[in-house]
Amino acid sequence: NRCYETVRSLRWPEGVKCPHCESKEVIKRGRDEYENARQRYECKECGKRFDDLTDTVFAGSHQALKTWIVFLYFMGLNLSTQQIARELNLNKDDAQHMAEVLRSGVVEKKPETQLSGEVECDEVYVVAGHKGQPEAVKKKGD
């Protein structure tokens with residue numbers, strides 16, 4: 001299944017690592033009985049078992065990975081959660097939950113912004129209490 005191949009390549013671009021101890025000493029331990037494309041592993045270092053989705057936003061969901069990937073794609077197209085629910089034939093509460101999980105997962109994994117080179121800022125600021133009231137701001141400065 002290409003969805004699982006994509007998750008593996010994005011998650012472990014340099015080879016599978018144990019999510020518990022980060023060891024690369026990992027062996028394959030069969031496949032998931034419900035989703036055959038989902039690979040299981042065992043860490044030779046710490047002995048713990050895991051699979052392609054362990055410690056991801058997709059883990060523990062009753063929705064198939066393909067549904068999550070298509071859902072994420074539709075979010076990227078700026079479809080509303082309600083539109084996505086209709087397209088994928090999902091319960092609106094399930095769709096709302098999936099949207100929240102995906103949004104929070106993306107925000108949590110977002111890399112910290114690093115500024116470099118020349119950065120410009122203007123010196124304009126508005127006091128929170130005067131937002132939208134330019135006359136009040138003008139009077140303070142006089």
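Leaving aside neighbours within four places in sequence, which residues is Thr54 in contact with?

## Thr54 and its surroundings

Let's start there. Setting aside its neighbours within four places in sequence, Thr54 is in contact with Arg11, Pro19 and Ala59. Please keep in mind throughout that this is a predicted model.

Thr54 is found in the loop between β3 and α2. With a relative accessibility of 17%, Thr54 counts as buried, because the cut-off for that label is under 20%. The side chain of Thr54 also has a polar partner in the backbone: it reaches the nitrogen of Asp51 at 2.9 Å.

## A salt bridge from α1 to the β3–α2 loop

The loop that holds Thr54 also holds Asp52. The side chain of Asp52 meets that of Arg8 in a salt bridge, with an N to O distance of 2.4 Å. Arg8 belongs to helix α1 (residues 2-11), while the loop with Asp52 runs between β3 (49-51) and α2 (65-76), so this pair ties together parts of the chain that are 44 residues apart in sequence.

Is Asp52 buried or exposed? Asp52 is buried, and its relative accessible area is 0%. Its partner Arg8 is listed among the buried residues of α1 as well.

## A network of three charged residues

In total, the structure holds 7 salt bridges. As background, side chains of opposite charge can pair when their charged atoms come close. Two of the bridges involve Glu42: one with Arg29, where the closest N and O atoms are 2.6 Å apart, and one with Arg49, where the closest N and O atoms are 3.3 Å apart. Through these shared partners, Arg29, Glu42 and Arg49 are joined into one network.

How exposed are the members of this network? Glu42 counts as buried at 16% relative accessibility. Arg29 is partly exposed, with a relative accessible area of 41%, and Arg49 is exposed, at 58%. The bridge between Glu42 and Arg29 links distant parts of the chain, with Glu42 in strand β2 (residues 39-43) and Arg29 in strand β1 (residues 26-31), 13 residues apart.

## An aromatic cluster around Phe50

Now for the rings. The structure holds 5 aromatic pairs, including an edge-to-face one between Trp12 and Phe50, with 6.2 Å centre to centre and 65° between the planes. Trp12 sits in the loop between α1 and β1 and Phe50 in strand β3, so the pair ties together parts that are 38 residues apart in sequence. Both Trp12 and Phe50 are buried.

Phe50 has another ring partner in Tyr41, and this pair is stacked, with 5.2 Å centre to centre and 25° between the planes. Trp12, Tyr41 and Phe50 thus appear as one aromatic cluster. Tyr41 is buried, with a relative accessible area of 4%, and Phe50 is buried with a relative accessible area of 4%.

## The two sides of α1

Back to the helix that carries Arg8. Which residues of α1 are buried? They are Cys3, Tyr4, Val7 and Arg8. These residues cover an arc of only 135° around the axis, which puts them on the same side of α1. On the other side of the helix, Arg2 and Leu10 are exposed.

What covers the buried residues of α1? The cover includes β2 and α2. Of the buried residues in α1, Cys3 has a relative accessibility of 15%.

## Cysteines without a disulfide

How many disulfides does a search of the whole structure find? The search finds 0. Cys43 and Cys21 make a useful case to look at: the cysteine sulfur closest to that of Cys43 is in Cys21, at 3.6 Å, which is too far for a bond. The reason is the cut-off, because a disulfide calls for sulfur atoms within 2.5 Å. Cys43 itself is buried, with a relative accessible area of 1%.

Methods:
Residues numbered from 1 in each chain as written. Predicted model: local features only at pLDDT ≥ 70, side-chain atom pairs only at ≥ 80, totals over all residues. Heavy atoms only, no water. Salt bridge = Lys/Arg side-chain N within 4 Å of Asp/Glu carboxyl O. Helix = DSSP H or I, 4+ residues; strand = E, 2+ residues; numbered from the N terminus. Buried < 20%, exposed > 50% of the residue type's maximum accessible area, 1.4 Å probe, protein only. Phe/Tyr/Trp six-rings, centres within 6.5 Å; stacked < 30°, edge-to-face > 60°. Polar contact = N/O pair within 3.5 Å; in protein donor to acceptor, adjacent residues only side chain to side chain. Contact = heavy atoms within 4.5 Å. Arc of directions from axis to C-beta.
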